[in-house]
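I opened this notebook to keep track of what I looked up, one entry at a time. The entries below follow the order in which I went through the model.

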Amino acid sequence: MQQALKANLKRLKTFLNYTKNYLKRNNPIKLFKRELVAGLKDALSINKKRKMVKYKLKYQLHQLSQMEKLIAENNEHTFLRGNKFNEMR
């Protein structure tokens, strides 16, 4: 009985040492704090990111409209150049 008790206490002590060392390496409080700070930074900078994405989208749409305009000006098909078609009639 006494040997079983000593063996169980030894296993418990070993387990607690492993647990203590793990918590020293991977502190859940520090991890939670780090994740919380990162989440707050993302939440506070989301408006800036939204404005940047909106600007990039407007720029791309502007570039697309310029390309379409150039293609329409240099294309001989009448469905893209209604004015020339009307003049020919």
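Entry 1, the helix at the start. I began with H1 and noted that, of its 24 residues, the number buried is 0, so this helix lies largely in the open. I then looked up its span, and from the first C-alpha to the last H1 reaches 35 Å, which is close to the 34 Å expected at 1.5 Å a residue. I keep in mind throughout that this is a predicted model.

Entry 2, the chain as a whole. I looked up the secondary structure and found 4 helices and 0 strands, which, read along the sequence, gives the pattern α-α-α-α. For burial I looked at the whole chain, where 2% of the 89 residues count as buried. The area exposed by the chain comes to about 9,300 Å², and carbon and sulfur atoms supply 62% of that area.

Entry 3, a nonpolar patch. I went back to the surface and found that Leu5, Leu9, Leu12, Phe15 and Leu16 make a nonpolar patch of about 510 Å². I picked out Phe15 from this group, and its place is in helix H1, which covers residues 2–25. Is Phe15 buried or exposed? Phe15 has 51% relative accessibility and therefore counts as exposed, since the cut-off for that class is over 50%. For the spacing of the patch members I wrote down a general reminder: an α-helix has 3.6 residues a turn, so residues three or four places apart point the same way.

Entry 4, a positive patch. I next looked for charge on the surface and noted a positive patch formed by Arg50, Lys51, Lys54 and Lys58. One of these, Lys54, is found in helix H3, which covers residues 46–73. Lys54 has a relative accessible area of 45% and is therefore partly exposed.

Entry 5, the salt bridge. How many salt bridges does the structure hold? I found 1. Lys49 forms a salt bridge with Asp42, and the closest N and O atoms are 3.5 Å apart, which falls within the 4 Å cut-off for such a pair. As a general point, side chains of opposite charge can pair when their charged atoms come close. I also checked how open the two partners are: Lys49 counts as partly exposed because its relative accessibility is 44%, and Asp42, at 44% relative accessibility, likewise counts as partly exposed.

Conventions. Residues are numbered from 1 along each chain as its sequence is written. This is a predicted model: local features need pLDDT of at least 70, side-chain atom pairs count only at pLDDT 80 or more; totals for chains, interfaces and linings use all residues. Side-chain values use heavy atoms; hydrogens and water are left out. Patches are made of residues with over 30% relative accessible area and no salt bridge: like charges are joined within 9 Å, nonpolar side chains (Val, Leu, Ile, Met, Phe, Trp, Tyr) within 5 Å. Accessible areas come from the Shrake-Rupley method with a 1.4 Å probe; for residues, only the protein chains shown count as cover. A salt bridge is a side-chain nitrogen of Lys or Arg within 4 Å of a carboxyl oxygen of Asp or Glu. Helices (H or I, at least four residues) and strands (E, at least two) are DSSP runs, numbered from the N terminus. Buried means under 20% relative accessible area, exposed over 50%, partly exposed in between (1.4 Å probe, protein chains only). The expected span of a helix is 1.5 Å times one less than its number of residues. Lys and Arg count as positive and Asp and Glu as negative; His and the chain ends are not counted. The place of a charge is taken as NZ of Lys, CZ of Arg, CG of Asp or CD of Glu.
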